[in-house]
Amino acid sequence: MARVLTPRAEDFPRWYQDLIAKAKLADNGPVRGTMVIRPAGYAIWERMQAEMDARIKAAGAENAYFPLFIPESYLKREAQHVEGFSPELAVVTHGGGKPLAEPVVVRPTSETVIGEFMAKWIDSYRDLPLLLNQWANVVRWELRPRIFLRTSEFLWQEGHTAHATREDARAYARRILHEAYEDLMVNVIGIPVVVGLKTTRERFAGATATYTCEGMMGDGKALQLGTSHELGQNFAKAFDISYSSKEGGREHAWTTSWGTSTRMLGGLIMAHGDDNGLRVPPRLAPIQAYVMIVKDGDGVGEAAAKLRDGLRDAGVRVALDDRTDTPFGRRAVDAELRGYPVRVEVGPRDLAVGNATVVRRTDGSKTPTPVADVVTAVLAALETDQQVLHDQALANRESRTVEVATLAEAIEAAATGWARVPWSAVGVAGEAEANGQGVTVRCLLRADGSVPDSEDESDLIAILARAY
């Protein structure tokens, strides 16, 4: 397999690019910074989307859709917002062969256009909370693109809500953070994330607080996998999102926004992949069991089809590979690259003694198994290996995270992993110094690991790392 993929330990970025290409997950688009997501990659995104969508709806939000084009004047209404996004904007100045009366921006995010319609739709306290989500593409012009991690166009969900009180807005932003984002990342994607508060320097443009889920990748760097923002009344005042209170007065709403994207695919690859390719956690995998005919004849095809049907009836997402005109070794390598959690190999020799071979992707183990026991064995492997991948990622994070006392020690530790350091030892000046050396404060935590309300709380812990 070393001839198929560059070893991770030798060149991690090259390994990442090799895996995406060889597993046929995605390709570079014709415009620099864009990507084409191939069927194998998109199938994983669809699973992420379905799992996330269910969690968002369980939290009470409803899906809607808003325009791709936003009047430039909308962004200018919230000064911090337009300032934060200005370098990344794609601006359309012509349409239909003529100059536009007002330039329009290809959405980098939709706070402004959704704010315009929230103001239109909200009149009374009875209209609150308004909980919206949309699945869409956005454009942020990227100077240093990398497929899934940083592209000029990417796919995501973006939630936008309006509430009667700051307390209700904060509670909802945190509900999404924990019940949708953290739950999906830990229990489905199998990435143990640290959940915390972004510093003022790192928070979303126009927000009053940004909460984040940070995952450690296989090389010790951090990846921001999802964020949830309290927007205070900044956008409500800019767009006059106001309501009549129970007391009869007119009040501005409190708003939130939150998003996850195809960056989660990059996180999946870098957190779980190995030198043989992708490893997809069973709960996420579009194909959980891959039944392969080694060589046809002697009833092999019929037995393989029966196993496929039995697995499907047991609720397993299963596919049958009967392409015996392609060498089995090549097909097995492709299956490893794609990261199918379990392979069931059916060939004449094993079948002659009533067996099939169950191959687990997590450790490469191959177990001859009586055909009658295959479904039970596959179900057990899927349950076990979901936890195995999570635990391996957690062990990687714990082994690469060090407790330090000073900023200098934290910057040094960030060369190979994460540093936990008292925020009081870093501060605003120290954060700027770290940034100058390519190290960022990923998030702030309380001593008990919970998420703080403000960076001004005492005894906070800062996580410092290099990041994608």
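This section describes the overall dimensions, selected secondary-structure elements and individual residues of a predicted model.

The protein contains 14 helices and 23 strands. The C-alpha trace spans about 80 × 55 × 50 Å along its principal axes. For a compact globule of 468 residues, a radius of gyration near 23 Å would be expected, and the value of 25 Å for the protein agrees with this. Of the 468 residues, 53% count as buried. Among contacts with a separation of 6 or more, 69% are between residues 24 or more positions apart.

Strands β4, β6 and β5 form an open sheet of 3 strands, in the order β4-β6-β5 and with antiparallel pairing. The edges of this sheet are occupied by β4 (69-71) and β5 (90-95); each has a single partner strand, so one side of each is left without a neighbour in the sheet. From one strand to the next, the twist averages 50°. Strand β5 is joined to β6 (residues 98-106) by 5 bridges, and the two run antiparallel. Within this arrangement, glycine 95 stands opposite lysine 98 of β6. In general, the strands of a sheet pair through backbone hydrogen bonds, in either a parallel or an antiparallel manner.

Helix α14 (residues 427-435) has Gly427, Gly430, Glu431 and Ala434 as its buried residues. These residues lie on the same side of α14, because they cover an arc of only 105° around the axis. Such a pattern can be related to helical geometry: an α-helix has 3.6 residues a turn, so residues three or four places apart point the same way. The cover over the buried residues of α14 includes α13 (407-413), β22 (440-445) and β23 (461-465). Val428 and Ala429, on the other side of α14, are exposed.

Two buried polar residues were examined individually. Arginine 331, in helix α10 (residues 328-338), has a relative accessible area of 1% and is therefore buried, the cut-off being under 20%. A polar atom of the arginine 331 side chain lies 2.8 Å from the backbone oxygen of isoleucine 293. Beyond its neighbours within four places in sequence, arginine 331 is in contact with Met292, Ile293, Val294, Asp321, Arg323, Thr324 and Thr326. Serine 257 is located in strand β14 (residues 254-261) and is likewise buried, with a relative accessible area of 1%. A polar contact of 2.7 Å links the side chain of serine 257 to that of glutamate 111. When residues up to four places away in sequence are not counted, the residues touched by serine 257 are Glu111, Gly159, His160, Phe204, Ser228, His229 and Leu231.

Particular backbone conformations occur in several loops. Leucine 128 and proline 129 are joined by a cis peptide bond, with omega about -5°; proline 129 belongs to the loop between α5 (111-121) and β7 (130-139). Lysine 24, a residue other than glycine, has a positive phi near 60°. This lysine is placed in the loop between α1 (12-22) and β1 (26-28), and at 40% relative accessibility lysine 24 counts as partly exposed. Aspartate 298 also has a positive phi, of about 55°, although it is not a glycine. The loop between β15 (289-293) and α9 (300-313) holds aspartate 298, which is exposed, with a relative accessible area of 70%.

Terms used: Residues numbered from 1 in each chain as written. Heavy atoms only, no water. Helix = DSSP H or I, 4+ residues; strand = E, 2+ residues; numbered from the N terminus. Buried < 20%, exposed > 50% of the residue type's maximum accessible area, 1.4 Å probe, protein only. Polar contact = N/O pair within 3.5 Å; in protein donor to acceptor, adjacent residues only side chain to side chain. Contact = heavy atoms within 4.5 Å. Arc of directions from axis to C-beta. Pairing = 2+ DSSP bridges. Axes fitted to C-alpha atoms, helices over the stretch in contact; angles between N-to-C directions. Rg over C-alpha atoms; globule rule 2.2 N^0.38 Å.
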